[in-house]
Amino acid sequence: MGKGYYISKHLATAAMVLAAIALVTIIALSVVYNREKSKNAAKFSKATTLPVFPTPKTSNEPWDKYRLPDTLSPQYYNVTLWPRLVKNANGMYIFTGISGVMFTCEKKTDLILIHSNKLNLTVFKGHHAKLTGLSGVTAPAIKTTWFQSETQYLVIQLEGKLKPGKDYWLYTEFTGELADDLEGFYRSEYMENGEKKIIAITQMQATYARKAFPCFDEPGMKAVFHITLIHDRGTTNGMLWTGGQTIFGPTKRMSTYLIAFVVSDFTYIDVRIWARKKAIEDRQGDYALNITQPILEFFEKYYNTSYPLSKSDQIALPDFNSGAMENWGLVAYRETALLYDPRTSANGNKQRIVTVVSHELAHMWFGNLVTVKWWNDLWLNEGFASYVEYLGADYAEPTWNMKDQTILYDLQSAFAVDSLTSSHPLSRKEEEVNTPSEISEMFNTISYSKGAAVLKMLSEFLTEPVFAKGLSNYLKQFAFGSSVHSDLWEYLQKAVDQTPGIKLPYSVHEIMNRWILQMGFPVVTIDTRTGNVSQKHFLLEPEAVVDRKSEFNYEWFVPIKWMKKGQVQDQLWLLQKSAIHKPMKVSKNEWVLANLHVSGYFRVNYDLGNWERLLSQLESNHQVIPVVNRAQILDDAFNLARASIINITLALRTTKYLLHEREYIPWEAALRNLNYFFQLFDRSEVYGAMQAYLKKQVKPLFEYFGTISSNWTTVPSGHTDQFTQIIALSLACSTGVEGCRELTRSWFKKWMQNPPNNAIHPNLRSTVYCNAIAAGGAEEWNFGWQMFQKATVAAEAVKLRSALACTKVPWLLNRYLEYTMNPEKIRKQDATSTIGYIASNIIGQPLAWDFIRANWDYFFKLYGTGSFIFSGLIRDVTYRFCTPFELSQLKRFQKDNAETGFGSGTQALQQAIEKTTAKIKWLEGNKEPVLQWFLSESA
Ligand code: BES
Ligand code: ZN
């Protein structure tokens with residue numbers, strides 16, 4: 001893209017049939033600014049001249065409520081924004097804007113509430129807005145205007161009433177800061193050819209559109225947007241503008257949170273993947289480009305609806321808070337979620353890209369075309385995309401067995417938090433979710449992973465064609481509008497009713513209510529001696545008291561797919577607490593395996609005899625049991641043992657067959673459970689015996705991969721085999737299998753001797769870097785740091801950034817923690833994950849915990865209460881906690897910061913306390929048998 005160009009052309013491909021107008025597009029901008037950024041001296045909020053009224057605690061005024069009244073509905077916005085990519089005289093980056101919104105009065109009112117946050121509004125005749133009536137209507141005069149900071153409204157009181165059915169035009173002019181805060185309209189910086197580049201970009205979800213221009217900022221308040229951006233082209237001289245403007249055609253009717261625009265000099269490749277010029281030149285966008293078209297095709301077929309827009313842009317941004325954002329027509333990604341460099345990126349990076357792209361493109365229909373009315377139903381939006389992302393990814397990469405991986409990344413991760421009493425139902429009442437921090441707290445594992453697992457179960461018991469049919473009718477019905485979750489149930493039910501041969505014991509609505517209105521999930525116990533099948537709410541802490549009441553008494557309608565000694569049987573429904581299912585009574589040489597292909601969201605326990613028969617089947621010929629069920633047997637057994645439902649030695653015995661296992665999913669499931677053991681025992685005497693046992697178990701796998709990779713010089717061809725190879729290497733090195741550490745150390749050394757030539761295979765780099773830096777000292781660390789700073793591929797930078805946290809040298813770790821507070825060293829988007837990496841290191845954990853405690857106030861202010869990052873941060877730094885002392889520290893932390901609060905981390909803190917309590921109790925009775933078992937098995 002040459003200097004002085006900007007594009008606003010729309011791309012219509014064959015697949016994107018709708019010829020209408022594009023939402024937003026990129027503005028390519030070539031401006032050369034060399035000035036170094038220094039820290040913003042003045043905080044923008046100080047410049048705000050609007051009077052700020054604190055919220056009286058007891059007030060019941062409309063402006064004290066977080067939800068907009070139903071008196072007005074926006075129809076059309078006309079917004080012009082002008083970002084300045086150079087500092088102004090006060091040393092700040094700002095943008096200016098003008099905005100008009102046409103709204104219809106639905107109910108008589110003399111009050112206008114419109115969201116506006118951190119904007120400095122111009123005053124006309126004493127008021128912060130102008131109001132006119134349309135089509136000959138006279139608007140009442142403005143009485144007074146003010147800014148209500150708590151609820152983020154511009155409040156406009158009128159002298160007279162607005163009339164129902166009439167349209168009005170509200171006009172504002174404003175200035176905002178183009179801060180580096182990753183929210184609303186913000187700025188990102190990066191280096192190119194030794195030069196600092198600045199770009200202006202947006203992130204509106206969930207409540208940041210109001211930071212870019214005044215708007216009715218709720219997902220259900222859909223409108224048409226007409227956006228104009230003023231931007232420089234060619235050179236400019238400080239504030240002197242010699243540029244142009246790009247006018248975007250009116251959008252479809254859409255929600256404010258899905259708007260996006262970008263001002264940059266990025267360049268693109270067709271269907272359009274945008275990124276830094278260097279990244280595109282290096283062909284890092286090619287993979288995303290190759291998979292986008294097939295994924296769009298897949299979803300068009302799956303939803304039976306054509307792509308709703310006339311263009312599709314995707315952009316990789318150097319600074320981005322979440323992994324990716326489904327802005328309609330301009331999807332934004334972190335660089336690691338979109339850019340792939342075959343020379344340096346691992347196959348895991350590739351898999352991340354195909355799943356993230358698939359997830360966001362799934363939202364173009366589910367979420368964007370049809371939007372949930374309010375954030376309480378966010379689980380439906382995110383859970384749905386998290387489920388179908390595997391279907392889209394599977395279509396684009398059919399040999400990768402993507403669908404099987406859902407059990408690792410959704411089902412099992414959801415189980416981990418949904419087995420605590422601090423969990424919550426998927427669906428929240430509309431009144432329960434109001435403030436920005438309550439909204440960001442909805443972006444959690446329950447919404448994403450439990451949502452995905454429960455929807456997958458639904459699709460499986462309806463069968464995919466019926467599910468897809470109902471879905472497509474639902475999308476047609478609510479296109480360009482909004483809906484609630486029961487609307488989807490209704491359309492799925494219609495599809496069931498129209499399909500002969502499908503029988504449900506209850507309606508979709510009744511079945512699903514049990515899964516979405518009560519938290520948790522059941523453990524189904526099958527007694528193969530009698531055929532008795534029963535269910536019980538599964539809790540990690542058996543004696544925990546469940547305060548939350550459920551109208552369904554913690555009973556579910558459970559669809560059970562199963563097999564008997566390798567033969568698939570008819571599906572059963574467990575509809576009561578307990579029932580006899582005759583076919584499940586089996587003879588002494590048969591076994592029952594339930595939750596076949598792990599399609600249901602529940603755990604399974606058996607009578608001891610059946611467990612024994614399953615274990616011997618695993619040891620004699622594990623392949624009779626489907627691969628995902630092998631993973632599930634391991635995960636169920638370990639978790640049943642953690643909940644004291646079965647003996648821990650029974651769970652440990654499920655790992656014995658791993659000597660013969662070569663598949664990724666069971667190994668990954670085993671590794672996660674064993675890692676949990678590592679965390680519990682790596683400071684105790686159990687550690688040595690455990691290491692010895694695992695060393696024995698992983699040795700054949702390590703040798704197997706050594707052989708098939710010609711002594712580690714090639715990688716296996718199968719996609720998931722490449723993952724298993726990484727497991728083999730990392731577990732072999734951490735347990736001290738002969739030859740492993742020498743191997744990784746020598747690879748790293750070679751690289752240090754000749755940095756331009758890194759011969760370590762990209763797949764193995766994370767493991768090799770981590771091992772070498774852990775074994776080394778300052779020299780290795782500093783080398784890693786230099787390579788990190790020089791990295792031009794984001795995926796490579798992440799591998800180094802996480803490996804730097806592996807050092808065992810405390811002062812290096814402490815210095816690294818300090819770096820997370822300096823955005824010149826660690827980007828703000830990466831700060832909390834870096835702290836998390838450090839906390840996963842046994843030496844780093846107490847340092848990270850002290851660091852967080854000492855700086856909680858700072859982080860909280862830096863990220864703002866609405867940020868969703870706190871939950872991950874708290875989870876990571878407390879992950880290893882298992883002693884009474886650590887528990888008391890946690891409680892103390894909770895007390896000490898009660899005033900500042902924990903924002904989106906409130907639940908995570910509750911979960912940490914509960915998990916620690918459960919671990920302490922469990923360790924009391926189990927440490928000794930675990931030690932004895934490992935000793936006897938490693939002898
Ligand atoms: N809508 C979200 C992005 C988001 C998350 C915005 C939290 C605001 C707050 C997007 O669709 C998403 O879910 N992104 C994921 C990646 C996905 C593959 C699970 C993310 O950002 O991690
Ligand atoms: Zn999403």
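The exercises below, each with a worked solution, concern a predicted model.

Residues are numbered from 1 along each chain as its sequence is written, while chains are lettered from A and ligands numbered from 1 in the order in which they are written. Local features need pLDDT of at least 70 and side-chain atom pairs count only at pLDDT 80 or more, whereas totals for chains, interfaces and linings use all residues; side-chain values use heavy atoms, with hydrogens and water left out.

**Exercise 1. The zinc site**

Identify the protein donors of the zinc ion (ligand 2), and state where the histidines lie and whether they are buried or exposed.

Solution. Begin with the donors, that is, N, O and S atoms within 2.8 Å of the metal (3.2 Å for Na, K and Ca), bearing in mind that water is not among the atoms, so sites may look incomplete. The protein contributes His359 through NE2, His363 through NE2 and Glu382 through OE, at 1.9 to 2.1 Å from the zinc ion. Along the chain, the donors follow the spacing H-x3-H-x18-E.

Next, place the histidines: His359 and His363 both belong to helix α3 (residues 347-363), 4 residues apart, about one turn of the helix. Helices (H or I, at least four residues) and strands (E, at least two) are DSSP runs, numbered from the N terminus.

Finally, consider burial, where buried means under 20% relative accessible area, exposed over 50%, and partly exposed in between (1.4 Å probe, protein chains only). His359 has a relative accessible area of 7% and is therefore buried, and His363, at 0%, is buried too.

**Exercise 2. Surroundings of Ser358**

Determine which residues Ser358 touches, not counting residues up to four places away in sequence.

Solution. Ser358 lies in helix α3, and its relative accessible area of 0% makes it buried. With contact taken as heavy atoms within 4.5 Å, Ser358 touches Ile295, Phe299, Val388, Glu389, Gly392 and Ala393, once residues up to four places away in sequence are set aside.

**Exercise 3. Strand β3 and its partners**

Work out how strand β3 pairs with β2 and β9, and explain why β3 is largely enclosed.

Solution. Two strands pair if DSSP finds at least two bridges between them. Strand β2 (residues 72-83) is joined to β3 by 11 bridges, and the two run antiparallel; within this pairing, Thr80 has Ile98 of β3 as its bridge partner. Strand β9 (residues 167-177) is likewise joined to β3 by 11 bridges in antiparallel fashion, and here Gly100 has Tyr171 of β9 as its bridge partner.

As for enclosure, 9 of the 12 residues of β3 (residues 94-105) are buried, so the strand is largely enclosed by the rest of the structure.

**Exercise 4. A four-stranded sheet**

Describe the strand order and the edges of the open sheet that contains β22 and β23.

Solution. The 4 strands follow the order β28-β23-β22-β30, with mixed pairing. The edge strands, each pairing on one side only, are β28 (578-580) and β30 (603-606). In the middle of that order, β22 (residues 522-527) and β23 (residues 532-537) pair in the antiparallel sense over 6 bridges, with Val533 in β23 as the bridge partner of Ile526.

**Exercise 5. The largest nonpolar core**

State how many residues the largest nonpolar core has and which have the most contacts inside it.

Solution. A nonpolar core is a set of buried Ala, Val, Leu, Ile, Met, Phe, Trp, Tyr and Cys residues joined through side-chain atoms within 4.5 Å. The largest such core has 310 residues, and those with the most contacts inside it are Tyr302, Tyr303, Ile560 and Phe677. Its largest share, 12 residues, comes from helix α14 (residues 664-681). Leaving aside neighbours within four places in sequence, Tyr302 is in contact with residues including Phe384, Tyr387, Val388 and Leu391.

**Exercise 6. Salt bridges across the chain**

Locate the partners of the salt bridge between Arg827 and Asp319, and compare their burial.

Solution. A salt bridge is a side-chain nitrogen of Lys or Arg within 4 Å of a carboxyl oxygen of Asp or Glu, and the structure holds 42 of them. In the bridge between Arg827 and Asp319, the closest N and O atoms are 2.8 Å apart. The pair links distant parts of the chain, 508 residues apart, with Arg827 in the loop between α21 (810-819) and α22 (828-839) and Asp319 in the loop between β17 (313-317) and β18 (324-325). Arg827 counts as partly exposed at 26% relative accessibility, whereas Asp319, at 9%, counts as buried.
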